[in-house]
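Q: I am a first-year student, and I would like a close look at a single part of this structure. Could you take me through it slowly, and then show me what else there is to see around it?

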Amino acid sequence: MNTLEIARQAVEIAQKLGSKATEAYILHSKALSIEVNNQEVETLKLAEISGVGIKTILDGRLGFAYSSALDRSSLEEVVGQSLANAKETTPDEYNVLPEPGKYQEDLDLYDQRIGEVPVEEKIEQARLVERSAREYDPRVKRVRKASYQDSEYYVSLVNSLGLESSYRGNYCGVGAFVVAEDQGEVQTGWSMDINRKYDQLQAAKAGREAGEKAAIMLGATTVGSQRVPIVFDPYVATEFLDLMSNGLTAEAVQKGKSLFAGNLGQQVVSSALTIIDDGRLENGIDSAPVDGEGVPTSRNVLIAEGVLQKFLYNTYTAKKEGVKSTGNGIRCSFKGSAEVGTTNFFIQPGVVSLEELLAPIEKGFYVTEVMGMHTANPISGDFSLGASGIWIEKGQKTKPVRGVAIAGNILELMENVDLVANDLRFFGSTGAPTVRIKGMSISGA
Amino acid sequence: MLEKAQLEEILNIALSKAGDFADIYLEKKKVNGVVCEENKLERVVSGYDVGAGIRVVSGEATAYAYTNDLSLASLKEVAKVVSQGAKGSKKDLTIDLRKLDNPPFFSIKERPEEVKMEDKAKLVKEANEVARSIDQRVKQVTVSYADSVQQVLIANSEGSIAEDERIRTRFVVNSIAAQGKDMQTGFESAGAAMGMELFELFDPKEIATLATKRALLMLEAKAAPSGKMPVVLAGEAGGTMIHEACGHGMEADLAQKGLSVYANKKGEQVASSVVTVIDDATMANYYGSYLYDDEGVKSQKTTLIEKGELKGYLYDRLTATQEKAQPTGNGRRESFQHRPLPRMSNTYLAAGETDPEEIIRQTKKGILVKRMGGGQVNTANGDYMFEVSEGYLIENGEITRPVRGATLTGNGPETLKLVEMVGNDVGFKIGTCGKDGQGAPVTSGQPTMSIKELIVGGQEIEDENPAWREVSLRPYWKRK
């Protein structure tokens, strides 16, 4: 399927129908996923989908429509719908398309191996995940999910200013979600590894880690309400980082919805934190030559040692402030136009190891799971979550803890970070190292 | 969509190598959305999505493939791909498809595609204006309208063809109010398996007013207390608690894999005797209702817990087969890109007899939850949490002041045993339930009820809490 040619046709149709500016984005993807249970394939899923998203601009009015049918008459219909929608929106002079620009094609987004490896071997990866989890501890009795997946995508983007871009990429991953059981008590653990390179995929490690996470929580009890130092493991730290991502977009700032509005150049979080968004990160899952509008991607240090440096922009928000887009017009699929968002987004790792980070803690809480992060408020920054993890005494992990609530405000929390470890880890496209917080109230029994 | 003979051909190809069961799910979905933010109609979006998923089940194993090319040639190719994932021996099957003809149990008055986008946009604009006119502390308002018309056809090797059309409309308002540096949000939504007649039941301006007043109220609210305390959930609060504390654990896939605290407890007393929990996909025009589930099984009403006793689970075909139980019509999928899973529809805790006001009067000290937000559960151990988006303090049987930032955490079976009083006023709220990366439209509901104690995770630590005083803050970050 020549999707670039179809995108060109769509733009042509729209311009003929009276659109002043048009953008056509086509995504074509193939995916494979395998789940095993008791070493048998439980689910084998194969997918191939494609679709087009059409953005039209009529006198500053923006219209959008999408379709997963790409034949000529469907294209005419979706273009017509986009134009009809444009008639209903409020005119806005900042609705413009990016001019064609130069981008370097030096990103390595495609691993030939992923396509070449036979399905049987990929099934073996999922089996290895499961075996490794079970072998880690005999109390790992059940596996809800031991999986392998890969995905390959082709993106074609054309706009009426002459911008054309197309690229392909792929990635693969393994995941485990397991259950440990002892004397009627049940605890769960999970792990994942998503990688651009098939040969770097760590199936056995993912399985062992899920097994360890589940087994270690057996016997968990609650603790009393108190104020103690808190340590977030990389995943929990990543979840909190995600909560801040919206506030670092120019869109949130312009709409008065950012935690960081008006604070450029100021200390907004602890000086232990440097936060980066890098659309060109080597092996980054969200790396791409251009963003969802065709603007070249870039590396942006958003917070340097606690000081707010810049926000992320797409074409619209950049035009509004008279600045350059940072290449952060993100589309999740062909079903939406590009909104400001993060690419590969992470907290820069520090120099100390996890052990060194824990060592000085007299009494504290190492949090490995929080529940309800999706209920946290990215606008006010307020959160109130269920938490579980391991109790720390004299720098050592001691006993599992569950049924604890933690609450606060993300900015206050991030101000109280006093150390980050050197163990940066990505969970898809966002990542963080272990993060230590000076003190925080926890409520338990 | 496709002829009977073509469907039979596809299913035969899918089962040509091996397998016990095959089905094909064809979907066409049209959506429209309007969003107003920054006082502007920013987005008017339409979408058309088509696709088909073909599945072969062999024992406990499933092979699934999907495409959005609905041509016969493409579907035959997909069926061939799937057939290679089937296991065991080839069964001697004759597939003779017949269309199921259960009549729809509710109707749509004003189909969304027959209403001009202009009229949808007008509702959104008006709601925005109302929200912004309430108070000058209102800083941002986001109003969104969305409708979807989803047509599905499910044909399977057991010989049935089921066709269903799900029309859903929803309207959501988010308001932000600010005073100095303090920024608070308020949210309200309405949605149903209806077209534009939704707005005869719910006035968009009223939704906007509720959301905005909630944001303003939270500006006045102080931090919620922390610790274990009695909780009253109002009948209008929504059913997030019952959805998380009970509903998910009753899904048969989780129960069969030992991932539910409710597994193997049929016939046992798992809740206080005032607790009856029901899942019912047949409630006329409710957001979580449908005629057939996404496996072509007729929808039904299922009692999960009756007067505290566990009665049954929610099944899709696969889990029902494994237990030799009947599917309950809860096999749902987000789209043709997903395989079915046991899911809730409209889930609620049934009404009791107590007057809701009496329940508050009998609470000495605790939290009143007037509106719940989202929630989450770890079904394996039953620990769950939900967010309070409008809450108050109850002191000596009276509602005193609003509180903010509270999250309630508890354990499902423990909570259900701690339910003390159940009111006579069931209320429902809509939501999107997420499981294994699939979203499903649901409602959940409950009457006003009191729970003896839950852990309230607020930011205020009470002075009388001895645990607080015990702790001393050491300068641990200074290395010895």
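Q: Please look closely at L163(A): where is L163(A) placed in chain A, and which residues does L163(A) touch?

A: What follows begins with this one residue and then moves outward to the contact between the chains, a pair of helices and the sheets. Please keep in mind throughout that this is a predicted model.

L163(A) sits in a loop of chain A, in the stretch that links strand β4 (140-159) to strand β5 (164-182). Around L163(A) there are 19 other C-beta atoms within 10 Å, and because a residue needs 20 or more to be called buried, L163(A) is classed as partly exposed. If we leave aside residues up to four places away in sequence, the residues that L163(A) touches are P98(A), E99(A), P100(A), V158(A) and G294(A). To place L163(A) within the chain, we can take K397(A) as a second point: these two residues are 234 residues apart along the chain, and their C-alpha atoms are separated by 55 Å.

From here we can turn to the place where the two chains meet. On one side, 68 residues of chain A take part, and they are in contact with 71 residues of chain B. Strand β2 (residues 40-58) of chain A supplies the largest share of chain A's side, with 11 residues. Sorted by character, chain A's side consists of 24 nonpolar, 27 polar and 17 charged residues. The same strand, β2(A), is also joined by six bridges to strand β3 (residues 61-67) of chain B, and these two strands run parallel; within β3(B), it is T62(B) that stands opposite T43(A).

Next comes a pair of helices in chain A. Helix α1 (residues 3-16) packs against helix α2 (residues 72-86) at an angle of about 50°, and their axes are 10 Å apart. An angle that is neither under 35 degrees, nor over 145, nor from 65 to 115 counts as oblique, and α1(A) and α2(A) are therefore oblique to each other. Their crossing is right-handed. Where they meet, α1(A) contributes Q9(A), A10(A), I13(A) and A14(A), while α2(A) contributes L75(A), E76(A), V79(A) and L83(A); the residues of this contact divide into six nonpolar, one polar and one charged.

Chain A also has an open sheet of six strands with mixed pairing, in the order β10-β9-β8-β13-β19-β18. Its edge strands are β10 (307-308) and β18 (425-427), each of which pairs on one side only. Within the sheet, β8 (residues 275-278) and β9 (residues 299-304) of chain A pair in the antiparallel sense over four bridges, and D277(A) stands opposite N300(A) in β9(A). Helix α6 (residues 234-245) of chain A lies across β13 (345-347), β18 and β19 (430-432), running at about 125° to β19(A).

In chain B, too, there is an open sheet of six strands with mixed pairing, and here the order is β12-β11-β10-β15-β22-β21. Strands β12 (309-310) and β21 (427-435) of chain B each have a single partner strand, so one side of each is left without a neighbour in the sheet. Strand β11 (residues 301-306) of chain B pairs with β12(B) in the antiparallel sense over two bridges, with E306(B) opposite E309(B). Helix α6 (residues 240-247) of chain B lies across β10 (277-280), β11, β15 (346-349) and β22 (438-446), and runs at about 95° to β15(B).

Methods. Residues are numbered from 1 along each chain as its sequence is written. Chains are lettered from A and ligands numbered from 1 in the order in which they are written. This is a predicted model: local features need pLDDT of at least 70, side-chain atom pairs count only at pLDDT 80 or more; totals for chains, interfaces and linings use all residues. A residue is buried if 20 or more other C-beta atoms lie within 10 Å of its own, exposed if 12 or fewer, and partly exposed in between; C-beta atoms are placed from the backbone. Two residues are in contact if their C-beta atoms, placed from the backbone, lie within 7 Å. Ala, Val, Leu, Ile, Met, Phe, Trp, Tyr, Cys and Pro count as nonpolar, Asp, Glu, Lys and Arg as charged, and the others, Gly among them, as polar. Two strands pair if DSSP finds at least two bridges between them. Axes are lines fitted to C-alpha atoms, for helices over the stretch in contact, and angles run from 0 to 180 degrees between N-to-C directions. A crossing is left-handed if the near helix is turned anticlockwise from the far one by less than a right angle, and right-handed if clockwise.
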